[in-house]
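Please study the sequence and the structure shown below before reading the briefing. The points that follow are grouped by topic and may be checked against the display one at a time.

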Amino acid sequence: MDTAEIGGIAGWAMELTERLGAPGAGVAIALENLFPPLPSEVILPLAGFTAARGDMSLVAALLWTTAGSVVGALALCCVGALLGRERTVAVAARLPLVKISDIEKAEAWFARHGVKTVFFGRGRGPHAR
């Protein structure tokens, strides 16, 4: 399929992956961590599809998207550390669909379950079961 036929985020992610290969998928996932409107639910299947087509190896797709996820998460952690809790909460309060009460619930969850939550629940909020 020609990427000109695909628009929006899916087209952008597919073009990035076609131009840069597996590193492009990693860049897209790193950006997904920093900019929530970029859904990994679009990027990861496209990387898998590209690997299934033989345009990149599955191992490369897995390694680069994992590395991109880690880099994006570390960048977000650094931003939070630089801003501090109060400024981070103030910025989050201005974002659409973000509630301060959800941030407080997440903090309480981490206070109780910390390491287990990070290890098992990447991408899940305090309501995940």
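**Briefing on the predicted chain**

Among the contacts in the chain with a separation of 6 or more, 49% join residues 24 or more positions apart. The model is predicted, and its secondary structure consists of five helices and zero strands. Along the sequence this gives the pattern α-α-α-α-α.

**Confidence of the prediction**

- The chain has a mean pLDDT of 84, and 90% of its residues reach 70 or more.
- In the chain, confidence is highest in helix 4, at a mean of 93, and lowest in helix 1 (residues 8–20), at 83.
- Over residues 124–129, pLDDT stays under 50, and the model has seven contacts beyond four places in sequence for this stretch.
- Where pLDDT is low, the predicted coordinates should not be read in detail.

**Burial and surface**

- The chain has 129 residues, of which 26% count as buried.
- The exposed area of the chain is about 8700 Å², and carbon and sulfur atoms supply 69% of that area.

**The largest nonpolar core**

- In soluble globular proteins, nonpolar side chains tend to be buried together.
- The largest nonpolar core of this model has seven residues, namely Ala13, Met14, Leu16, Ala28, Ile29, Ile43 and Leu46.
- At least two residues of this core come from each of helix 1, helix 2 (22–34) and helix 3.
- Helix 1 gives the most to this core, with three residues.
- Leu46, one of the core residues, touches Ala10, Ala13 and Met14 when residues up to four places away in sequence are not counted.

**Helix 1 and its end**

- The 13 residues of helix 1 should span 18 Å at 1.5 Å a residue, because the expected span is 1.5 Å times one less than the number of residues.
- The end C-alpha atoms of helix 1 are 18 Å apart, which agrees with that expectation.
- The buried residues of helix 1 are Gly11, Ala13, Met14, Leu16 and Thr17.
- These buried residues pack against helix 2 and helix 3.
- Gly21 follows helix 1, and the phi of Gly21 is positive, near 75°.

**Ser40 in helix 3**

- Ser40 has its place in helix 3.
- Ser40 has a relative accessible area of 17%; buried means under 20%, so Ser40 is buried.
- Apart from neighbours within four places in sequence, the residues in contact with Ser40 are Ile29, Glu32 and Pro45.

**Ser57 between helices 3 and 4**

- Ser57 lies in the loop that runs between helix 3 (40–53) and helix 4 (58–93).
- With a relative accessible area of 41%, Ser57 is partly exposed, because this value falls between the cut-offs of 20% for buried and 50% for exposed.
- A polar atom of the Ser57 side chain lies 2.9 Å from the backbone nitrogen of Ala60.
- Although Ser57 and Ala22 are 35 residues apart in sequence, their C-alpha atoms are 8.1 Å apart in space.

**Two residues of helix 4**

- Val70 is found in helix 4, and its relative accessible area of 45% makes it partly exposed.
- Val70 and Ile29 are 41 residues apart along the chain, and their C-alpha atoms are separated by 9.1 Å.
- Arg85 is also found in helix 4, where it is partly exposed, with a relative accessible area of 41%.
- When residues up to four places away in sequence are not counted, Arg85 touches Glu104 and Glu107.

**Leu97 between helices 4 and 5**

- Leu97 has its place in the loop between helix 4 and helix 5 (100–120).
- The relative accessibility of Leu97 is 85%; exposed means over 50%, so Leu97 counts as exposed.
- The phi of Leu97 is near 70°, which is a positive value in a residue other than glycine.

Key. Residues are numbered from 1 along each chain as its sequence is written. This is a predicted model: local features need pLDDT of at least 70, side-chain atom pairs count only at pLDDT 80 or more; totals for chains, interfaces and linings use all residues. Side-chain values use heavy atoms; hydrogens and water are left out. Helices (H or I, at least four residues) and strands (E, at least two) are DSSP runs, numbered from the N terminus. Buried means under 20% relative accessible area, exposed over 50%, partly exposed in between (1.4 Å probe, protein chains only). A polar contact is a pair of N or O atoms within 3.5 Å; within protein, one must be able to donate a hydrogen and the other to accept it, and residues adjacent in sequence count only if both atoms are side-chain atoms. pLDDT is the predictor's confidence in each residue, from 0 to 100. Contact means heavy atoms within 4.5 Å. Accessible areas come from the Shrake-Rupley method with a 1.4 Å probe; for residues, only the protein chains shown count as cover. A nonpolar core is a set of buried Ala, Val, Leu, Ile, Met, Phe, Trp, Tyr and Cys residues joined through side-chain atoms within 4.5 Å.
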